[in-house]
Structures are given as structure tokens and as C-alpha cells.
Amino acid sequence: MQEQPELSEKEIKRRELMLYGKQLTAILTIALPLVFYATVGQVFQLIDTYIAANMSATTVSTVSFVSQLEKMILAVSSALSIGGGVMIARSFGSGDMEKVRSEISTLFFFCIFIGLAILAVIIPLMYPLLKLLRMPEELLLQGTLYSCLVVTSIIFQFINTIFFAVQKSRGSTKIIMMGNLLVLFIKTSLNILTINLIGHGKIDKTYGLYCLPIATITAHFVLTLIALHNLTSKKNPFRLSFKCTQFKKVFLFPLASLSIPVFLEKFIFAFGKTMVNSLCASLGTTVVGALGVSDRICGLSTNPISGFQEAESSLISNNLGNKNVKRAISFFYRTVILTMSYVIVLFVIMCVFRMAIINAFAKGNASFASEIDKIYYWERLDTILIAVNTSVMGLLYGFGKTKISMILNIARLFAYRIPLLLVFLKIPAIYARLGISSVGLSMCLSNGLTGLTAGIVAIIFIRKELKKNAGQS
């Protein structure tokens, strides 16, 4: 039998807070570093989009289109991190530290193997894949090379995602914030350097596009080195050990049960967004870019609350491992209040500065600015219900109910968004009235309907869990 890992005093106090401390203090302690990073990260993503806009509107469209393909691939690591994170958090909450170390090592090596296998398959097939996804013909050649560079960073992002999942499951989120901020700083610094070189005629705008994924590769590679140092350090009680791995059904079956629905949810959702981009491309190449800019602006309000969701799911999993169902559920209520409060404040701020932000991306192109505004005007109105949906996802992930979360997110696209968009675009009378605004309206309605559906699901789910827990008491 292997020696039981010993926790540091700091780790013990953090575990006590998660399992027995004040709930608001626990969720803020874990969530705030994640929210801060996500907020800064969204600002940096806007800067990246702004840099792409300085190259051309078609460059923005290429970046926006390929970003969905990247999300489809990263859905694998995201699913494994959520599924594995839930298992690690429950073991951590139960106090079985030997099992925690075994699960961390197994998850890490399994994820590296999957990442390398994906790269070996997808890079040779990139051109036909983009063609199958209906990337506009004028973007296809540059999009292929750009996409190959983007996916090269996948293996580093896989490692970093698992590293962060391990830290989050133990409530250690400051290191996640610092690591991600380092990635953003390196990536953005290199992108700004690229723009300056283009401005001084050292790099042609066409080749400048390819510098964007090279900056991403460099930034994530640096973080991977830090992650590997942390995960193999003798000071880390849960350091990696191939001897501790258990590629057996006792680990892989529960991991698959939790992760596969999350993968399908994220992969199909990203694939569906490429379908949305394809529909939007029929309205003009720059419309895809306008939708991408609108998504980024909306993300300033809605993406940072994912930090609350991640903290919520981790706290719920830990407390379920400690067999405290009522405390686990109560974290959901606090998350709803926190996420809604956040998006309301940001919504007001974004409304005040709406046109200033849009004009910054349009770079004097009045037509492009008009397209962005027509989409963003409607898309921003769903933020409250997005906050509800985000909180419900955290509840479902924490309880391991990933099949329900998968159904909700697939429904957002295929029951709500795409049918609505097709109706708006294909019925001449409706399109004549709405025009490009139909894109933003379909986003608003689909997100809003998903939020309402998620709220109903949460009410039913919580009642069943409390009733079941009462029966077991």
C-alpha cells in the first residue's frame, strides 16, 4: 500500500472552509480569483479581436470561424477536466488522499494520450474538415494554415486544463488566476509586437494572421512548463506518479460516464455555432466577424461568471463527498444571487459604453459597425437568464448530472437558436423587417429560453434531491 499523502496546514484549512466554513466566504474565496481572471481574460480576448480588426474585417471572420473549431477540439480536455475534477473533489471531500493522488495521475496521463491522438488525426484532415464545416471559400486557404497552427497548441492546453482542474478540485484557485494571467500577458504582448511590426512594414498583414496562433502556442507552452514543475515537485503531496495510475474500469467507467456527456455538450454546441456562422456567412463575409465581435462584447458580462460556476461545482462535489447534500445545494442559491448581481452591474456599464466599444472595433468602417450594433443590440438583453443557466450548470456538474446539462445546452442550439435563425432568415417577410438584426435576436431568444428551461430543471432537480436525502436520513 502506498503512503497516504500528508496535507499542508494551508490545505487543511482550505478543506475545512469548503466543508464546514461560512458558505459565502467559501464561495467567494474560491470564485473571486477565477472571476477576476475571467474578467481580465475577456478584456484580453477583446484586445485580440481588436488586433485582428487592425489587420482586416476578413481576418476577424477567419479568427471567429476557427475559434469554434478550436472549441470543438478543446471540448475533450474540458470534458475530462470536469468529469475528473468532480471525482477528485469528492475523494478530497471524503478524506481519501491516496485515492486523490491516484486519480490525478491517471487523469493527467490519460489526457496527454488523448491529446496526441487528436493532433495526429486532425492536422492531416484540416482542409477537408474546414470545407465540410462550410468555411467561406475566400477564407479557406489562409484558414487551413491558421487552423493547423491553432490546434498545435492543443496539447499544451490539454495539460494546462487538467492542471487547473486538479487545483480547482482542491479549492486552490489563486494559482489558476496567476497562471492564466501569465498566458494572457505573454500572448497579448506578442500580438501587440506583431501589430507594431506590421505597422512598420516588417511583416505583411497576410502573414501577420499566422503570428496570432504562434503567440498562443508560446504562452501555453510556458504555462505547461510551470504546470509540469508543480505536478512533479516533491513538495506536492499529490505529485504525478505513473505507479499511482489506475487505467481500470473502477476509474475509467465513472470518468467516461461524467465526461462523455460534457464532451458531447461542448462539441455539439461548438459545431452548432459553426453552423450558425455558416448561416451568417450567407449574409456577407463580415457578418461572421460582426457576430464574433458581438459575442466578445457580451462575454464581458457573461463569461466571468463562469468563475462562480466553477467554484460552485467544486464546492458541491466536495460536500457530496462529505455526505452533506443540504450544504451542497445551498451553494447553488448563493451562486445564483452572485451571478445575477454581477451581470446586472456589467450590463449597465456596457450599455453606457456600447457605441464607443463597437466603433473601436469597426476602425472607421461604418458598415461593419452597423452590423456589429444590429447584432449586439439584441444579444445583450439575455444576460440575466444566462446567469441563471450558468448557475444551474454548476449545480448539475457538481452533482455529476452531466447528461442533463448536455441536453440543456444541445437544446439551446438545436431546439431554440438554429430553428429561430432559419425562420428569421428564410421567411422573406421576416427577414425584410429584421435584416441582420435577426442574428442577434435569435441569440437573445435562444439564450433566454435556455435560462428559463434551466431554472425549471433546477427546481425539479433540487426537490427530488432533498426528498431523496430526507428519505435516507
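**Exercise 1. Decide whether Lys323 is buried or exposed, and describe its backbone and its place in the chain.**

Solution. The relative accessible area of Lys323 is 75%. The cut-off for exposed is over 50%, so Lys323 is exposed. The model used here and in the exercises below is predicted. Next, the backbone: Lys323 is not a glycine, yet its phi is positive, about 60°. As for its place, Lys323 sits in the loop between helix H12 (306-321) and H13.

**Exercise 2. Compare the span of helix H13 with the expected one, and find the residue that caps its N-terminal end.**

Solution. Helix H13 covers residues 325-352, which makes 28 residues. At 1.5 Å a residue, 40 Å is expected. From first to last C-alpha the helix reaches 42 Å, close to that value. The cap at the N-terminal end of H13 is Asn324. A side-chain oxygen of Asn324 lies 3.2 Å from the backbone nitrogen of Arg327.

**Exercise 3. Name the residues of the nonpolar surface patch that includes Ile344, and state how accessible Ile344 is.**

Solution. The patch is made by Ile344, Val345, Val348, Ile349, Val352 and Phe353, and has an area of about 540 Å². Ile344 belongs to helix H13. Its relative accessible area is 44%. Partly exposed residues fall between the 20% and 50% cut-offs, so Ile344 is partly exposed.

**Exercise 4. Check the length of helix H1, then say which of its residues are buried and why they line one face.**

Solution. Helix H1 runs over residues 9-20 and has 12 residues. The expected span at 1.5 Å a residue is 16 Å, and the end C-alpha atoms are 16 Å apart, so the two agree. The buried residues of H1 are Glu11, Arg14, Arg15, Met18 and Leu19. Viewed down the axis of H1, these buried residues fall within an arc of 125°, and therefore they line one face of the helix. Exposed residues on the other side of H1 are Glu9, Lys10, Lys13 and Tyr20. A general point helps here: an α-helix has 3.6 residues a turn, so residues three or four places apart point the same way.

**Exercise 5. State how many salt bridges the structure holds, and describe the one between Lys168 and Glu310.**

Solution. There are four salt bridges in the structure. One of them joins Lys168 to Glu310, with 4.0 Å between the closest N and O atoms. This pair links distant parts of the chain, since Lys168 is in helix H7 (residues 154-169) and Glu310 in helix H12, 142 residues apart. Lys168 has a relative accessible area of 16% and is buried. Glu310, at 27%, is partly exposed.

**Exercise 6. Describe the salt bridges of Asp373 with Arg354 and of Lys468 with Glu465.**

Solution. Asp373 and Arg354 meet at 2.9 Å, N to O. They too link distant parts of the chain: Asp373 lies in helix H15 (residues 366-379) and Arg354 in helix H14 (residues 354-362), 19 residues apart. Both Asp373 and Arg354 are buried.

In the other salt bridge, Lys468 and Glu465 meet at 3.5 Å, N to O. Both residues lie in helix H19 (residues 437-472), three residues apart, or about one turn of the helix. Lys468 is partly exposed, with a relative accessible area of 44%, while Glu465 is buried at 10%.

Note on methods: Residues are numbered from 1 along each chain as its sequence is written. This is a predicted model: local features need pLDDT of at least 70, side-chain atom pairs count only at pLDDT 80 or more; totals for chains, interfaces and linings use all residues. Side-chain values use heavy atoms; hydrogens and water are left out. Helices (H or I, at least four residues) and strands (E, at least two) are DSSP runs, numbered from the N terminus. The expected span of a helix is 1.5 Å times one less than its number of residues. A polar contact is a pair of N or O atoms within 3.5 Å; within protein, one must be able to donate a hydrogen and the other to accept it, and residues adjacent in sequence count only if both atoms are side-chain atoms. Patches are made of residues with over 30% relative accessible area and no salt bridge: like charges are joined within 9 Å, nonpolar side chains (Val, Leu, Ile, Met, Phe, Trp, Tyr) within 5 Å. Accessible areas come from the Shrake-Rupley method with a 1.4 Å probe; for residues, only the protein chains shown count as cover. A salt bridge is a side-chain nitrogen of Lys or Arg within 4 Å of a carboxyl oxygen of Asp or Glu. Buried means under 20% relative accessible area, exposed over 50%, partly exposed in between (1.4 Å probe, protein chains only). The arc is that of the directions from the helix axis to the C-beta atoms.
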